[in-house]
Amino acid sequence: MAISPATPTGPTPAGPATGPDPARRGDRHALPRLSPRASFVLRRLGRALVSLAVVVVATFLVVHLVPGDPVRAALGPSATPELVERTRAELGLDQPAWRQFTGYLSGLLHGDLGVSLRSHRPVAATLADRFPTTLVLSLLAFLVAALGAVPIGVATAVAARGGRGRAAGAGVSWALSGLIAIPNFLLAVGLIALFGVTLNALPVAGWGGAAQAVLPVAALAVGPLAYLARIVHVEMLAVLETPYMTTARGKRLPARLLYLRHALPNMITAALTTGGLILTGLVAGTVLIEAVFVIPGLGSTIVSSITAKDYPMIQGVVLVYAVLVLGLNLLIDLVLATLDPRSSIMEG
Amino acid sequence: MRSGLPRGLRGPQGVVTVLGAFALLLVIVLAPYVWGDAATATSVADRVQGPSAAHPFGTDDLGRDVLARVLIAARLSVLLALGATAVAVSGGIVLGVVATVLPCPLRRLVSAFIDILLSFPWLLLALFFSVIWGATASGAMLAVGFAGVPSIARLTYTLASSVTGRDFVRAARIVGVGPAGVILRHVIPNIAPPMLVNTAAYASTALLSFAGLSFLGLGVQAPGFDWGRLLREGIARIYVNPMAALGPGIAIVLTGLILNAIGSLTGESASKTPLRPRASKARARAGAGDPEVLVEVEDLRVSFPDRQGRLVERVRGVSLTIRPGETVGIVGASGSGKSVTAMAVAGLLGPEAAIDATRLSFQGIDMTAAPRAADRRRLGLELAVVFQDPLTSLNPSLTVGRQLTEVSRTHDGVPRAAARHRARDVLASVGIARPERRARQYPHELSGGMRQRAMIGMGLMGRPRLVIADEPTTALDVTVQRQVLRVLRDARRRTGSAILFISHDIALVSGFCDRVLVMKDGQIVEEVAAARLDEARHPYTRALVACVPHMGTDRTRPLPVIDESGGVAEEARA
Amino acid sequence: MSTLEFTGTTVRYGHGAGAHVAVDGVDLTVASGGVHGLVGESGSGKSTLAAAAVGLVRPVAGTIRLDGADIAGSSAAARTARRRVQLVFQDPYAALDPRMPVGVSIAEAMRATGRRLSRADRQRRVEELLGLVHLDPKRAGDLPSAFSGGQCQRVTIARALAAEPDVVIADEITSALDVSVQGVVLNLLRELRAELDLTVLFISHNLAVVRYVCDTVSVMRHGRIVESGETESVLSAPAHPYTRELLAAVPVMGEPFDGEEAL
């Protein structure tokens, strides 16, 4: 749901610029003695920690927000009252709320996430089994999407502006719109139908070898890749129209310097600022992709535990997913801080 | 603009969208009556069949027709998506608008909270909420709805804040309009159109999201069925009948596209028609001209496409020459074509500009065509440009030094260290103190005047024969303006470069230039020596001189005013 | 009679180490019926002073009074009193709601008078005001986009007048306009001042314009007033070096550029 930026038409009327000098405005917001980059990274780190705290509180509260008796709901109508009481005590739900919360916190700090209501295994052990699969799947898709989007978006933007290859550019842009409109699980189904059923070329279930990773990674990465490529396309077009690009053209720099040195860093910061969420959103897509391809990761775990109302397991998986998302967010912020000397000002 | 059909509704895309929306509506309303029996009639004989004439999408494990079930599922799928959209949009708008009107510290807190929620993907939020409300259709609807609240809230907040920061809202507050009045009268009317587009877009997202939840088994439960549920059932039999899985998938994608298209129709933000680049051409005689002439322009015409794509001529037959070392000024009101003329001379007009000229050359190089490699090098070294706003015309992510040295390094093959040395000298020569330090800084760390000096310095890295200065001091304070002009003049004295100076300030031009060209409506109406501006013949020039108050203007009389025809209208009648 | 009086007015943006004093202990009196100019470069604090007078920012110290009554505080009385000071902004397009017909914008400003007018009265008054600024009264239903920049600025002046102000603050009202339109707006201001006996605080960076319009003038720099007095005497015999610097920087028609002592 991006809003198209207002496109200025015609030259702007000449007139003195107003408002306080941007340089001065920047100084006002910068923390003393810290470089803008360092303070930007510190602020983002702080925000990640606050987000983590919100997640911890939310996962704790979720059990309490379930209407009715969560234990009864989890164990089903056939469970004996004794069993319900015993489970309630196991979960600590018979204690006052603040005791429950401190217990939850200290458990987290010791890596103790409780015991699954269904398998009676420690949640942490299950997560340790499942997490690597989801991590690898996410990171592979993350890389494919990020690295694939830039050349496609840049090439179509340059073609669209320059006038050469306009038809091809338009075709690519239509294809991108189409791919964005297809959610990953539908794409997965389509890929299975094509490569698994019709061509019988690739495995369509399980996890292990490289061949088994092809379709899930593709299904997970293609949508974000297309979305990101379109953002890159739009941002690149915007960058190409900026006065500083006119300045660079005025220096008659070769195309290589023009695009790689002058346009690319500015485009990437702009694209990451708007497109960062797309990349982290891909992490959650593993839930659906793992379901389609029957991959034993966190995604299939969370679905089965929600269906079974296995609350300790739900809390654990949500926490791990949130940490993964926050980690990727921080990674993107670091890239932004490295590329953009103004990152501190954009914050203000 | 307020009458007639929305712009998007015209044209083939609009027609297809309307037809698609109509078809979808028909299916939603009528499907259960038409295909109800086929969707529920079980038949053991017809179990799990592939596509056939009787069952285009095949049958399911109870022998029911999949196509009929897909059509019937439209109603539930779309209604649940719309329900989720309603939850997301109403929640998001309330949260976003409330955040806008809160006092500052609270506002930042709420905004930060929205940002935190926003950093989590919708599916994760939806799963979290579906823990609370359970794996039911209504629970999933609430979950998808609540998962959308942060993004709608952020959008509302961003749009609303951009409105509340505008002068017209300040004006309303000054006359005593309260927060509620500001929101009702100014904020809502201004954010409604983009919100509408995004609501439709969110409906499409909600449809896909809901299908995802149902597909995972967390949405609609048997015996009810929506598209996600049908997909879940279909994928189990994908080797027997792929259409059982692909059918609902196609329905989801098509409906998503229709919802999205409805959004872009209702919005007035229909994207600008892509600009069609036009071939520039010089009508013959592009060869070597007079060596005593630096710039030769003959019958220059430049057109730009307007919103409808029609070409509008903005420069209409301009001819001018610049001799080496001359300072030539162009004055005119905004829209007179003075900047376009200058950019045409520099060869820096965008691809959307259609240039037509009998001659447009700089030192014999034809500026209407892409320059050859050798010419590029000459242009890079000998033609410099200075723009109005030095902040936006310097690259924000490269150091000042880098932007200076690259000219020498690219075109002169100067080694890095020598180029740095030269950059330092040039920065010092344009009056920048501590040039080593400034060269390592980024443009945003410099003051406005210093940036413009650096910009001029960039042109001095080569061997400028012509500096094109397009309103170089308009964005600066008067005292800084004088310093920058001084730098420009000193540079000219040192290098012998000519200057093409564009400005709307006739007094400034008269003092700085040798010769002044007065432009109006894309044409040069008069060319006059700067020292003889008071003897100008053309009524427009005389009017331009007369209408600006100066330090000797008679305070007791009204100012002369330029009338429609371009001359001085009645002087002092009041 | 309406005198606008700033006493020790101080405005600070931000807080802590990053705080920035935009207006620093300004004493300034805009005498009743006069046009007082406020000259200074960008960042000198002149617009902030205007914003403080109409309540858009709150001074951290000092007072702002209109005929002796406080208009800077947060009390209901101060809020009502300060509606008698109206501001005309620099950029006329930004100052008009793009989706609101200009007549509605003008009518909205009538709230400041505290009187409730009937629909017909409002309409009549809108037409009267449009006529006053030389615009066709029949165009009250048009959106701002249908007007040129100079016409929009006339609409914002009409809006300010609709509030029946005692003092009008004109904040760089011609600097976003083309030079050819500037004269129209300046003439209008002169005319209205004579007709309506307005008190005006005229903010500008253009000394020639200030000289043409103002009776008295103050020069502002770094948030402080460095010099005040009769316009003629301040501009012909400036006492403060900064005023001299400003004067020297004004380009004069036909006079060759001389930047020898600049830098």
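This report describes the fold of chain A, a nonpolar surface patch on chain B, a buried residue of chain C and two cysteines of chain B in a predicted model.

Chain A is helical in its regular secondary structure, which comes to 14 helices and 0 strands, and from the N terminus on its elements run α-α-α-α-α-α-α-α-α-α-α-α-α-α. Of the 348 residues in this chain, 46% are buried. When contacts in chain A between residues at least 6 apart in sequence are considered, 74% of them join residues at least 24 apart. The chain exposes about 15,700 Å², and carbon and sulfur atoms supply 68% of that area.

On chain B, a nonpolar patch on the surface is formed by F22(B), L25(B), L26(B), V29(B), L30(B), Y33(B), V34(B) and W35(B), which together have about 820 Å² of accessible area. One of these residues, V34(B), lies in helix α1 of chain B, a helix that covers residues 11-40. V34(B) counts as exposed because its relative accessibility is 53%, where exposed means over 50%.

E108(C) is placed in helix α3 of chain C, which covers residues 102-109. With a relative accessibility of 3%, E108(C) counts as buried, since the cut-off for that class is under 20%. Its side chain is joined to that of H186(B) by a polar contact of 2.8 Å. Apart from neighbours within four places in sequence, E108(C) is in contact with A172(B), V175(B), V177(B), R185(B) and H186(B) of chain B, and with M100(C) of chain C.

Over all chains, the count of disulfides comes to 0. C513(B) is in no disulfide, and the cysteine sulfur nearest to it, that of C547(B), is 18 Å away. C547(B) is likewise in no disulfide, and the nearest cysteine sulfur to this residue is that of C513(B), 18 Å away. Because a disulfide requires the two sulfur atoms to be within 2.5 Å, a separation of 18 Å does not qualify C513(B) and C547(B) as such a pair. C513(B) is buried, with a relative accessible area of 7%, and C547(B) also counts as buried, at 1% relative accessibility.

The relative accessibilities of the four residues discussed individually are collected below.

| Residue | Relative accessibility | Class |
|---|---|---|
| V34(B) | 53% | exposed |
| E108(C) | 3% | buried |
| C513(B) | 7% | buried |
| C547(B) | 1% | buried |

Notes: Residues numbered from 1 in each chain as written. Chains lettered and ligands numbered in written order. Predicted model: local features only at pLDDT ≥ 70, side-chain atom pairs only at ≥ 80, totals over all residues. Heavy atoms only, no water. Patch = residues over 30% accessible without salt bridge, like charges linked within 9 Å, V, L, I, M, F, W, Y side chains within 5 Å. Areas by Shrake-Rupley, 256 points an atom, 1.4 Å probe, with all protein chains shown as cover. Salt bridge = Lys/Arg side-chain N within 4 Å of Asp/Glu carboxyl O. Helix = DSSP H or I, 4+ residues; strand = E, 2+ residues; numbered from the N terminus. Buried < 20%, exposed > 50% of the residue type's maximum accessible area, 1.4 Å probe, protein only. Polar contact = N/O pair within 3.5 Å; in protein donor to acceptor, adjacent residues only side chain to side chain. Contact = heavy atoms within 4.5 Å.
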